[in-house]
Amino acid sequence: MKQKVQSVLKSDFIKKFFVYGIGQGFNLITPLLVVPYIVSVCGEEGYGKIGVGMALAFFIMVFIDYGSEIVGVKDVAVNRDSNEKLESIFITTYAAKFILLLGMLLLVSVAFYFIPYFSKEKALFFLSLSMVIGQFINPTWFLQGIENFKWITILNILSKVIYLIGVFLFLKKPGDYIYSNLIWGIGMIVANGIAWFYIFYNHSFSFSNLKKTEVEKIIRHNFSIFSSQIFVSLQMYSPIVLISFFGSNTMAGQYKIVDQIIVIFKTYLLLFFNFVYPRVCYLLDKSKREALRFWKVYNGLNGVFVITSMLLIALFSFKIVAYFNPKGIKEISDLLKIAILIPIFQSISIPLKQLVLGSNKQRQYVKTVMIITIISLVIIVIITPFYNVLGVFFALIATEIITAAIFYNLIKKDLFVRTS
C-alpha cells in the first residue's frame, strides 16, 4: 500500500490533478468569500431568492448540456488521438446544443412571464439565464476528454475573479440581489468564450464539415443519458425551490447557507468524478483489472479526505455558520451537523457511478436515477411542511445510501467478483 501511495504521488496524473485542483479551488473558495457579504447586504431572504434563481439556471443547463458531460467526455477520451473524429464530436455537439439553447430560452421565457410563482421574480430569473448561455459555450467537457486541465484551470479562475469583483462592485443594497446571478453568468461567458476559441483554432476545427444527420444522431443517441441527468439535477436543485414554494424564502436562505458549506465537498466530488472518469473509461476499454486498481487507489484516498473534512466541519459547525452572518446560527449549525452525511455517502455513490457508466450500463443507470429521484422528491414534498429543512436533508441522505447500494449491485458481478 505504501508503494502504491508513493507511486500515485509521483505520477504525471497526480500532477495534472494538482493543476486541475488549483482552478477548482477557486470554484470552491469564491462562494465563501462572497456569501457573507451577500447575506449582509441582501439578507437571508434575498440570498434564498438568489439560490432559487441559480437552481433553476442549473436545471436548465442540463437540457443544454444534453449528456455531453458524460457521453461527450467519453467519446473525446476514446478518440483523443484522431483530430478528425474530435472535430466531428465538437462541432456536432455544439450544433445540437445551440438548437436546444434556443428552444429552452423560448420555453422558459413564456414560463417566467405567465406562471405566477416565476413572474413575481422574473427580473431575477431572466438575468439568471446568462448562466445558461455561459454553460452553452462551456468547453470543459472537451478539455476533460483530452485531459487538458491547464485550460480548465484558467477558465475557472478567470470566471470566478470576474464574479468576485462584480459582486463587491455592484451589490450595494437589498434589491441588488437580482444582479448576483447575472454577474456569475458574465464571468462564465467571458472565460468559457476564450477557452472555446482556443480549442476551435488550436485544433483547426471547422463547422463547414457539419452534417445534419450527425446532429440528429447525437440528439437521439444522448437522449437516454440526458433523461437520467434531468433526474439527477432535479435531485440536486429542486430542494431549495420546493422549500421556497412550500415554506418561505427565508427557509430557502437557511437551506442555501448549509448547502453552500457542504456543496464545497459535493462540488469537489463531482469535479473529482470529472477528473477521474475519462481515465476510468479509457482503462476499462483496455483492462478491467488495471481500471479497478486505479479506481480503488484514487477514490479510496479521496474518501478518506472527505470523511476527515466532514468530521472537522461537525466539530466547528457553530463557528463555520457564524461566518455567514445569519440570524439563527444555532438552528443552522444543527442542520449542518446532519447535512455532512450527504458528502460522506456521495464519496461512495459517485465513484460507483464511474464504474456503472464506464461499463456501458447507461440503461440501468438511467432507470436507477429516475426511480430514486422520484422517490426522493415525493418524500421531500410530503415532509417539508412538517419538518422543514431538516426533513429535506434526511431525504437526501437516504437517497445517497440507496443509490450507492443499487450502483454496487449493478457492477459487482462484472468487476468485483471476477477480479477477486
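**Reasoning about a helical chain**

Analyst: Four residues of the nonpolar patch come from H8, the largest share. The model is predicted.

User: What makes up this nonpolar patch on the surface?

Analyst: Its members are Ile22, Phe26, Val161, Ile165, Leu169 and Phe170, which together have about 560 Å² of accessible area. Two elements give two or more residues each, helix H2 (12-65) and helix H8 (149-170).

User: Why does Leu169 count as exposed?

Analyst: The cut-off for exposed is over 50% relative accessible area. Leu169 has 52%, so it counts as exposed. Leu169 sits in helix H8.

User: Why does Ser180 count as buried?

Analyst: Buried requires under 20%. Ser180 is at 0%, and therefore it is buried. Ser180 belongs to helix H9 (residues 180-202). Leaving out residues up to four places away in sequence, Ser180 touches Ile38, Ile50, Tyr163 and Leu171.

User: Why does Leu210 count as partly exposed?

Analyst: Partly exposed lies between the 20% and 50% limits. Leu210 has 33% relative accessibility, so that is its class. Leu210 is in the loop between H9 and helix H10 (212-221). Leaving out residues up to four places away in sequence, Leu210 touches Ile91, Thr92, Ala95 and Val215.

User: What makes Lys49 and Glu45 a salt bridge?

Analyst: The rule asks for a Lys or Arg side-chain nitrogen within 4 Å of a carboxyl oxygen of Asp or Glu. For Lys49 and Glu45 the N to O distance is 4.0 Å, and their side chains meet in a salt bridge. Both residues lie in helix H2, four residues apart, about one turn of the helix.

User: Lys49 and Glu45 are in one salt bridge. Why is Lys49 called buried, and why is Glu45 called partly exposed?

Analyst: Lys49 has a relative accessible area of 15%, so it falls under the 20% limit and is buried. Glu45 has 41%, so it falls between 20% and 50% and is partly exposed.

User: How do you know that Lys330 and Asp334 meet in a salt bridge?

Analyst: The N to O distance for Lys330 and Asp334 is 2.8 Å, and the limit is 4 Å. Lys330 and Asp334 are about one helical turn apart because they are four residues apart in helix H15. Lys330 has a relative accessible area of 51% and so is exposed, whereas Asp334 has 34% and so is partly exposed. Elsewhere, salt bridges that share partners join Glu45, Lys49 and Glu121 into one network.

User: What makes Arg293 and Glu290 a salt bridge?

Analyst: The closest N and O atoms of Arg293 and Glu290 are 3.2 Å apart, against a limit of 4 Å. The two residues lie in helix H13 (residues 288-315), three residues apart. By this rule the count comes to eight salt bridges.

User: Why does the radius of gyration of the chain agree with a compact globule?

Analyst: A compact globule of 420 residues would have a radius of gyration near 22 Å, and the chain has 21 Å, so the two agree. The C-alpha trace spans about 55 × 50 × 40 Å along its principal axes. Of the 420 residues, 57% count as buried.

User: Where is pLDDT lowest among the elements of the chain?

Analyst: Helix H1 (residues 2-10) has the lowest mean pLDDT, 54, and helix H6 (residues 122-137) has the highest, 94. The mean pLDDT of the chain is 84, and 94% of residues reach 70 or more.

Note on methods: Residues are numbered from 1 along each chain as its sequence is written. This is a predicted model: local features need pLDDT of at least 70, side-chain atom pairs count only at pLDDT 80 or more; totals for chains, interfaces and linings use all residues. Side-chain values use heavy atoms; hydrogens and water are left out. pLDDT is the predictor's confidence in each residue, from 0 to 100. Patches are made of residues with over 30% relative accessible area and no salt bridge: like charges are joined within 9 Å, nonpolar side chains (Val, Leu, Ile, Met, Phe, Trp, Tyr) within 5 Å. Accessible areas come from the Shrake-Rupley method with a 1.4 Å probe; for residues, only the protein chains shown count as cover. Buried means under 20% relative accessible area, exposed over 50%, partly exposed in between (1.4 Å probe, protein chains only). The radius of gyration is taken over C-alpha atoms; the globule rule is 2.2 Å times the number of residues to the power 0.38. Contact means heavy atoms within 4.5 Å.
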